[in-house]
Amino acid sequence: MVRLSRYILPLLCAFCLAPYAAAHSLKLFVQESHDRLSGHVYFSGGIPAQLALVALHNDDGQVLMQVSADRQGRFELPRLANSATWVIANSQDGHIVKWPLQALETATPAAEAMPGTTDAQALERIVRDAVAKEIAPLKLALQQQQDRAKLSDLLGGVGIIFGLAGVYLWWRSRQ
């Protein structure tokens, strides 16, 4: 019985802590505009996911379009009208990440038919695209900063290790 519990306790701990093991998880950042999608695919710590496959998917899971990220992890896709709902990146080594897309509102046909005229919706779309383009690098930097390991994360990990070692030593002293 003692021999069996010697193997069960570590296995139980490993299974309980497995969902939190994300040392090199894949991250995705997508900048959405009215006519295109662009973004970055990277691993934790900001390392680019070179040549990762990035695809547009609909709700049924069908691939509508697929491109490969460049050496810096950047990609660009055309925006398909309301059919694509997910951008899914695959690093081809078991890491997959999804990014939900916002629904596009359709502009009035009169504003698109006459290029010289602008209505409130067209002006709003132009301003939204311009602002999104300007703040995209800030959003990417903020997301990458949040993905980095912090001192509190490191100290928490060391605390968990010491706590588990203490439980193990206490358990061994009781035998």
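The following is a conversation about how the terms used for this predicted model are justified.

Colleague: How many helices and strands does the chain have, and what is their order?

Modeller: The chain has four helices and seven strands. Along the sequence they follow the pattern α-β-β-β-β-β-β-β-α-α-α. Of the 175 residues, 26% count as buried. Among contacts with a separation of 6 or more, 51% are between residues 24 or more positions apart.

Colleague: What makes β1 and β2 paired strands?

Modeller: Two strands pair if there are at least two bridges between them. Seven bridges join β1 to β2, and the two run antiparallel. The requirement is met, so they count as paired. One of the bridges is between Phe29 and His40 of β2. With three residues between them, β1 and β2 form a hairpin.

Colleague: What pairs β2 with β5?

Modeller: Five bridges, again set against a requirement of at least two. Strand β2 covers residues 36-43 and runs antiparallel to β5. Leu37 has Leu77 of β5 as its bridge partner.

Colleague: Why are β1 and β5 said to stand at the edges?

Modeller: The open sheet has three strands in the order β1-β2-β5, with antiparallel pairing. β1 and β5 (74-78) each have a single partner strand, so one side of each has no neighbour in the sheet. Neighbouring strands of this sheet are turned by 25° against each other on average, direction ignored.

Colleague: Why is β1 described as largely enclosed?

Modeller: Six of its seven residues are buried, so the rest of the structure largely encloses β1.

Colleague: How do you know that Gln31 of β1 is buried?

Modeller: Buried means under 20% relative accessible area. Gln31 has 15% relative accessibility, so it counts as buried. This residue is found in strand β1, residues 26-32. Leaving out residues up to four places away in sequence, Gln31 touches Arg36, Leu37, Ser38, Gly39, Ala132, Lys133 and Ala136.

Colleague: How many aromatic pairs are there in the whole structure?

Modeller: A search of the whole structure finds two aromatic pairs. Phe29 and Trp99 form a pair at 5.9 Å centre to centre, with 75° between the planes.

Colleague: Why is the pair of Phe29 and Trp99 called edge-to-face?

Modeller: Ring centres must lie within 6.5 Å, and planes over 60 degrees apart count as edge-to-face. At 5.9 Å and 75°, Phe29 and Trp99 satisfy both conditions, so the term applies. Phe29 lies in strand β1 and Trp99 in strand β7 (residues 96-100), so the pair ties together parts that are 70 residues apart in sequence. Phe29 is buried, with a relative accessible area of 5%. Trp99 has 22% and is partly exposed.

Colleague: What makes the pair of Tyr168 and Trp171 tilted?

Modeller: Tyr168 and Trp171 are 6.2 Å apart centre to centre, with 45° between the planes. Stacked requires under 30 degrees and edge-to-face over 60, so 45° falls under tilted. Tyr168 and Trp171 are three residues apart in helix α4 (residues 151-173), about one helical turn. Tyr168 has 40% relative accessibility and counts as partly exposed.

Colleague: Where does Lys98 lie relative to Trp86?

Modeller: Lys98 lies over the face of Trp86, at 5.6 Å from the ring centre. The distance limit is within 6 Å, and 5.6 Å meets it.

Colleague: What makes the link between Ser91 and Asp93 a polar contact?

Modeller: A polar contact needs a pair of N or O atoms within 3.5 Å. The side chains of Ser91 and Asp93 are joined at 2.3 Å, inside that limit. Ser91 is found in the loop between β6 (86-90) and β7. At 14% relative accessibility, Ser91 counts as buried. Not counting residues up to four places away in sequence, Ser91 touches Leu26, Phe43 and Ala52.

Colleague: Is His57 buried or exposed?

Modeller: His57 has a relative accessible area of 13%; the cut-off is under 20%, so His57 is buried. This residue lies in strand β3, residues 53-57. Leaving aside neighbours within four places in sequence, the contacts of His57 include Gln62, Val63, Ser83 and Trp86. His57 and Ser83 are 26 residues apart in sequence and 8.2 Å apart in space, C-alpha to C-alpha.

Methods: Residues are numbered from 1 along each chain as its sequence is written. This is a predicted model: local features need pLDDT of at least 70, side-chain atom pairs count only at pLDDT 80 or more; totals for chains, interfaces and linings use all residues. Side-chain values use heavy atoms; hydrogens and water are left out. Buried means under 20% relative accessible area, exposed over 50%, partly exposed in between (1.4 Å probe, protein chains only). Contact means heavy atoms within 4.5 Å. Axes are lines fitted to C-alpha atoms, for helices over the stretch in contact, and angles run from 0 to 180 degrees between N-to-C directions. Rings of Phe, Tyr and Trp (its six-membered ring) pair if their centres lie within 6.5 Å; planes under 30 degrees apart count as stacked, over 60 as edge-to-face and the rest as tilted. A charge sits over a ring if NZ of Lys or CZ of Arg is within 6 Å of the ring centre and within 35 degrees of the ring normal. A polar contact is a pair of N or O atoms within 3.5 Å; within protein, one must be able to donate a hydrogen and the other to accept it, and residues adjacent in sequence count only if both atoms are side-chain atoms.
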